[in-house]
Amino acid sequence: MADPMPISLPPHHPQCLGCGPDNPAGLHLDVHRHGDTVVTDITFDPRHRGAPGLAHGGAISAACDDLFGFVLYLVEEVAVTRTLTVNYLAPVPLGQPHRITARLQHRHGRRLHLEATGTGPDGLTRFTAEALFLTVDHNHFAPHGADTEVQAMFTHHQPHDREHHN
Ligand SMILES: CCCCCCCCCC(=O)SCCNC(=O)CCNC(=O)[C@H](O)C(C)(C)COP(=O)(O)OP(=O)(O)OC[C@H]1O[C@@H](n2cnc3c(N)ncnc32)[C@H](O)[C@@H]1OP(=O)(O)O
């Protein structure tokens, strides 16, 4: 079957570390939905350096965590990371695009089990990640004054409308 048409997904908010276009220290992930997966192409650069010439594990982890945050648009529920495990299978060179693909593996009540794979231009999978996200309601963010902002992320994102118009 042909690949589904990619659909552009909006950043969580302009200052998000993972995807915010206005965060000068951010990774600036540009994310698309492909069917039941979300996909981003990231090229780590010298700002993300760990060992010389290689991406820092924390930068890779942040990219995976944020990409999992885009699966929430597909699930259409607010959730936060409870656990995140990254399997660093091979060093990730700076300056080479890597495609990270994430999806919901399964759901059990409030528990969303997510999985991701990061693959280089040579086809080698250099890292994988698994996460447990727990659904929360908007009040989770209220003590930090962000409940309205989080609600807006999910209200303004209308995946079905976008699908029809793309
Ligand atoms: C949301 C908008 C997107 C924003 C951008 C996305 C950015 C990317 C995502 C992130 O970085 S989120 C930020 C980092 N994460 C956090 O700040 C979360 C901090 N942790 C918490 O706030 C609480 O620990 C949490 C809300 C996750 C859970 O607290 P709760 O009191 O609601 O749940 P509880 O600990 O009682 O566990 C609920 C259920 O999960 C189960 N559970 C908890 N930890 C588990 C575990 N490790 N493995 C398996 N099950 C687990 C637990 O047994 C229980 O099962 P039952 O419902 O069956 O009783």
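**Fold, helix α1 and the ligand shell in a predicted model**

Helix α1 is followed by glutamate 76, a residue with a positive phi near 60°. The model examined here is predicted. The helix that glutamate 76 follows comprises 19 residues, for which a rise of 1.5 Å a residue gives an expected span of 27 Å; the C-alpha atoms at its two ends are 27 Å apart, so expectation and model agree. Buried positions in α1 begin with Ile60 and include Ala63, Cys64, Asp65 and Asp66. Leu67, Phe68, Gly69, Phe70, Val71, Leu72 and Tyr73 of α1 are also buried.

The protein as a whole contains 3 helices and 7 strands. Read from the N terminus, the order of these elements is β-β-β-α-β-β-β-β-α-α. The radius of gyration is 16 Å, close to the 15 Å given by the globule rule for 166 residues, so the protein is as compact as a globular protein of that length. Along the principal axes, the C-alpha atoms occupy a box of roughly 45 × 45 × 30 Å. Of the 166 residues, 26% are buried. Among contacts with a separation of 6 or more, 62% are between residues 24 or more positions apart.

Histidine 12 is located in the loop that connects β1 (7-9) with β2 (31-34). This histidine is buried, because 22 other C-beta atoms lie within 10 Å, where 20 or more are required for that class. When residues up to four places away in sequence are set aside, histidine 12 touches Cys19, Gly69 and Met153. One of these, Gly69, is among the buried residues of α1. Phenylalanine 70, another buried residue of α1, is separated from histidine 12 by 58 residues in sequence, while the C-alpha to C-alpha distance between the two is 8.0 Å.

Histidine 12 and Gly69 also appear at the ligand. The ligand is surrounded by 18 residues, of which His12, Gly69, Val80, Thr81 and Leu134 come nearest. Two or more residues of this shell are given by each of α1 (57-75), β4 (79-88), β7 (125-135) and α2 (147-156). The largest share belongs to β4, with 4 residues. Classified by residue type, the shell consists of 8 nonpolar, 5 polar and 5 charged residues.

Terms used:
Residues numbered from 1 in each chain as written. Predicted model: local features only at pLDDT ≥ 70, side-chain atom pairs only at ≥ 80, totals over all residues. Rg over C-alpha atoms; globule rule 2.2 N^0.38 Å. Buried ≥ 20, exposed ≤ 12 C-beta atoms within 10 Å, placed from the backbone. Contact = placed C-beta atoms within 7 Å. Near = placed C-beta within 6 Å. Nonpolar A, V, L, I, M, F, W, Y, C, P; charged D, E, K, R; others polar. Expected span 1.5 Å × (residues − 1).
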